Amino acid sequence: MSSDINSKTIKVCFVAPKAYPLFNRQVESVFGVAEVDLYYLATELARDKNFRVSFIVADYGQAAMEIIENVTIIRSLDFRKNALTGARRIWQAMKRADADIYLMKTASLGVSLVSHFCKRYDRAFLYRTASMLESNGIYLKRHFFLGRVFARSLHRAEIVFTQNHTDQDNLQRTVGVSSIVIPNGHPLPELSGTRHEFLLWVGRSEKVKGPDKFIKLAREIPDERFVMICQRATGDDSYDSLCRQAEEVDNLEFHQRVPFNEIDGYFQRAKILVNTSDSEGFPNTFIQACKWATAIVSLSVNPDGFLNKYSCGINCDGRFTRMREAVKHLLADDRYMESGRNGRKYVEDHHDIRKIIEQYKDIFRRIHLPAMLRNMPASSFDTISLL
């Protein structure tokens, strides 16, 4: 391919209003795994001088525009204002970004907004699924209007990314949308000989994540130490009750919030990560556990069967009693150590952000080609000249 194409700067904008606390650690506010995924992608992409990266976030009282980790942070909606005002501010922020490609994640009305913006200004709209519920039809059933708006937006997308092959198959079946599977990417640290001390749960207090089940598990295994990091989910009125339940369990240490830059230390010291969610896409907590060689016990979530395939832990098929016995099995004779080592090997092969970002770069470059060249086979690129 002509060097002119390869060297042209490509402008990519990520849209995730709740992601600002990841860029500014002094801001104590809720974010989720979708925001973490896009944060890692944006900051890794920004290392490449051939890409100009921007990120649209909500108004947390910061400056209208900042540059953090080589990413241009653009302020948009204020969550305290009405939805119409918020939509207008996101639209204005997208115009300010003036990107070639806009990428977002997590089903919401915002997906339709970004899709319409890209259609209006002839920009590329890309979407990345955040949960298996977006692919298996449950989101569509639970949200009659929003689900249909969401599905139409996916049909307009230039490319849809899914986190695993199960979600890819389900999205094609339920929505009729083809997708590209790219796993979540994480930076991988060097391992050190840290002592394993406790069983860990990390997440928000959403009902689908089943935080109460971890509290029950701690009660039923009183000889082990449990640590729970559980942020209040947006709109959760029962969070205070959950906190009181946790305080009543002597062997459970409960944290309402841990700064993002400190969370790895908990995974590093955990024997086992316990996941009690009913459904997720590919949890970032699984990758965080694997990168620190921490075993996983999952109540229900096992994307593409990776826990079994790579012997990273145990899937319990939705049965609490099996989850309790799985934990005891891995604790006996320190079996969790071998599962943790297997997890580290798995994550090195499949989730290294340095490898993952190269897949995105190739796609971004192809999207940015002149329209007449986009569909030509890669083998033709070396012979193409724009002169």
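## The enclosed cavity

In this predicted model, the count of cavities of 30 Å³ or more comes to one. The largest cavity holds about 390 Å³ of space, and 26 residues line it, with Val33, Val202, Gly203, Gln231 and Thr285 the closest to its centre.

Several elements share in this lining: helix 3, strand 9 (198-204), strand 10, strand 12 and helix 12 each give two or more residues to it. Strand 9 provides the largest share of the lining of the largest cavity, with four residues. Sorted by class, the residues around the largest cavity are 13 nonpolar, nine polar and four charged.

## The second largest pocket

Apart from the cavity, there is a pocket to consider. The second largest pocket contains about 310 Å³ of space, and its lining is made up of 17 residues, among which Tyr39, Tyr40, Thr43, Glu69 and Pro187 lie nearest its centre.

Helix 3 appears here again, since at least two residues of the lining of the second largest pocket are supplied by each of helix 3, helix 11 (263-269), helix 12 (284-291) and helix 16. With four residues, helix 3 gives the most to the lining of this second largest pocket. The classes in the lining of the second largest pocket are six nonpolar, four polar and seven charged residues.

## Helix 3 against helix 16

Two packed helices are described by the angle between their axes and the distance between the axes. For helix 3 (residues 33-45) and helix 16 (residues 353-368), the axes come within 10 Å and cross at roughly 75°. Helix 3 and helix 16 are therefore roughly perpendicular to each other, as angles of 65 to 115 degrees count as such.

On the side of helix 3, the residues that take part are Tyr40, Leu41, Glu44 and Leu45, and they meet Ile353, Arg354, Ile356, Ile357, Tyr360, Lys361 and Phe364 in helix 16. By class, this contact of helix 3 with helix 16 has eight nonpolar and three charged residues, and no polar ones. Tyr40, one of the helix 3 residues that meet helix 16, is also among the residues nearest the centre of the second largest pocket.

## The sheet of six strands

Strands 9, 10 and 12, which contribute to the lining of the largest cavity, belong to an open sheet of six strands with parallel pairing, in which the order is 11-10-9-12-13-14. Strand 11 (252-255) and strand 14 (313-315) are the edge strands, each of which pairs on one side only. On average, and with direction ignored, neighbouring strands of this sheet are turned by 20° against each other.

Within this sheet, strand 12 (residues 270-275) and strand 13 (residues 295-298) run parallel and are joined by four bridges, and Val274 stands opposite Val297 in strand 13. Helix 10 (residues 239-247) packs on the sheet, where it touches strand 10 (226-231) and strand 11, and the direction of helix 10 makes about 150° with that of strand 11.

## The sheet of eight strands

Another open sheet has eight strands in the order 3-4-2-1-5-6-7-8, and its pairing is mixed. Strand 3 (65-68) and strand 8 (180-181) stand at the edges of this sheet with a single partner strand each, so one side of each is left without a neighbour in the sheet.

At one of these edges, two bridges join strand 8 to strand 7 (residues 159-162), and the two strands run parallel. The bridge partner of Phe161 in strand 8 is Ile180.

Conventions:
Residues are numbered from 1 along each chain as its sequence is written. This is a predicted model: local features need pLDDT of at least 70, side-chain atom pairs count only at pLDDT 80 or more; totals for chains, interfaces and linings use all residues. Side-chain values use heavy atoms; hydrogens and water are left out. Axes are lines fitted to C-alpha atoms, for helices over the stretch in contact, and angles run from 0 to 180 degrees between N-to-C directions. Angles under 35 degrees count as roughly parallel, over 145 as roughly antiparallel, 65 to 115 as roughly perpendicular and the rest as oblique. Contact means heavy atoms within 4.5 Å. Ala, Val, Leu, Ile, Met, Phe, Trp, Tyr, Cys and Pro count as nonpolar, Asp, Glu, Lys and Arg as charged, and the others, Gly among them, as polar. On a 1 Å grid over the protein atoms alone, a cavity is a set of points where a 1.4 Å probe fits but cannot get out, and a pocket is an open set with protein on both sides within 12 Å along at least five of seven lines; lining residues have an atom within 4 Å of a point. Grid points are joined across faces, edges and corners, and a volume is the space filled by probe spheres set on the points. Two strands pair if DSSP finds at least two bridges between them.
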